[in-house]
Amino acid sequence: MAFASAFRRILNRSSTPSINIRSQFSSIRLSSTLPTLTSPKLFISGLSRNTTDENLFKAFAPFGNLREAKIITDRGSGKSRGFGFVSFETVEEAERAREGMNAKFLDGWVIFVDPAKPREAPQQQPPRRDMQSTETGFTTNKTVGWSGY
């Protein structure tokens, strides 16, 4: 019995610092200088894997006219990747949403709201010069020899 109460005390002590650490991290994130919004699109990170597009839409709807709320999912499994995007009609509505929802809980997880960055075009890689295809379908490599069956 004494062992169980000692073990419970250890567990209770170890859980208290984690709450303090979380609050310290959220205050760092809140006090950092936030970049000004130039687009009404927001990037939402730290989402629960159980958060749906509808939950995200409902959470951000009070801040203005939402155009879209989209959770990004993995192509293979279809599960949430833990982030998403929210688009508003105006930049002012997006700013209010960012101030109102940054470092708040959504579905049990602390989310962070940042301005969305424009998507960069993927860089095209030049074709490899050391690989040559023959008319039979075999590929030769100058450094190794031929490969294929």
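In the predicted model, L106 stands opposite W109 of strand β5. This pair belongs to the antiparallel arrangement of β4, which spans residues 104–106, and β5, the two strands being connected by 3 bridges. Together β4 and β5 make up a hairpin in which 2 residues lie between the strands, and D107, located in the turn, adopts a positive phi of about 55 degrees. Strand β5 is also paired with β1, again in the antiparallel sense, through 4 bridges; within this pairing, F43 has D114 of β5 as its bridge partner.

These strands form part of a fold with 3 helices and 8 strands, whose elements follow the order α-β-α-β-β-α-β-β-β-β-β when read from the N terminus. Among the contacts between residues at least 6 apart in sequence, 58% connect residues that are at least 24 apart. Of the 149 residues of the protein, 22% are classed as buried, while the accessible surface amounts to about 11500 Å², with 55% of this area contributed by carbon and sulfur atoms.

The largest nonpolar core comprises 18 residues, and those with the most contacts inside it are L42, I44, L56, F60, V86 and F88. Two or more residues of this core are supplied by each of β1 (41–45), α2 (53–60), β2 (66–73), β3 (80–88), α3 (91–101) and β5 (109–115), the last of these being the strand that pairs with both β1 and β4. The surroundings of V86 illustrate how such elements meet: when residues up to four places away in sequence are not counted, V86 touches P40, K41, L42, I44, L56, F60, L66, E68 and A69. Four of these neighbours, L42, I44, L56 and F60, are themselves listed with V86 among the residues with the most contacts inside the core.

A further site of interest is S77, which is placed in the loop between β2 and β3. With a relative accessible area of 48%, S77 is classed as partly exposed, because this value falls between the limits of 20% for buried and 50% for exposed residues. The side chain of S77 takes part in a polar contact of 3.1 Å with the side chain of D74, and the side chain of S77 also reaches the backbone nitrogen of K79 at a distance of 3.3 Å. In this loop between β2 and β3, the partly exposed S77 is therefore joined through its side chain to D74 as well as to the backbone of K79.

Definitions and conventions:
Residues numbered from 1 in each chain as written. Predicted model: local features only at pLDDT ≥ 70, side-chain atom pairs only at ≥ 80, totals over all residues. Heavy atoms only, no water. Core = buried A, V, L, I, M, F, W, Y, C linked by side-chain atoms within 4.5 Å. Buried < 20%, exposed > 50% of the residue type's maximum accessible area, 1.4 Å probe, protein only. Contact = heavy atoms within 4.5 Å. Areas by Shrake-Rupley, 256 points an atom, 1.4 Å probe, with all protein chains shown as cover. Pairing = 2+ DSSP bridges. Polar contact = N/O pair within 3.5 Å; in protein donor to acceptor, adjacent residues only side chain to side chain.
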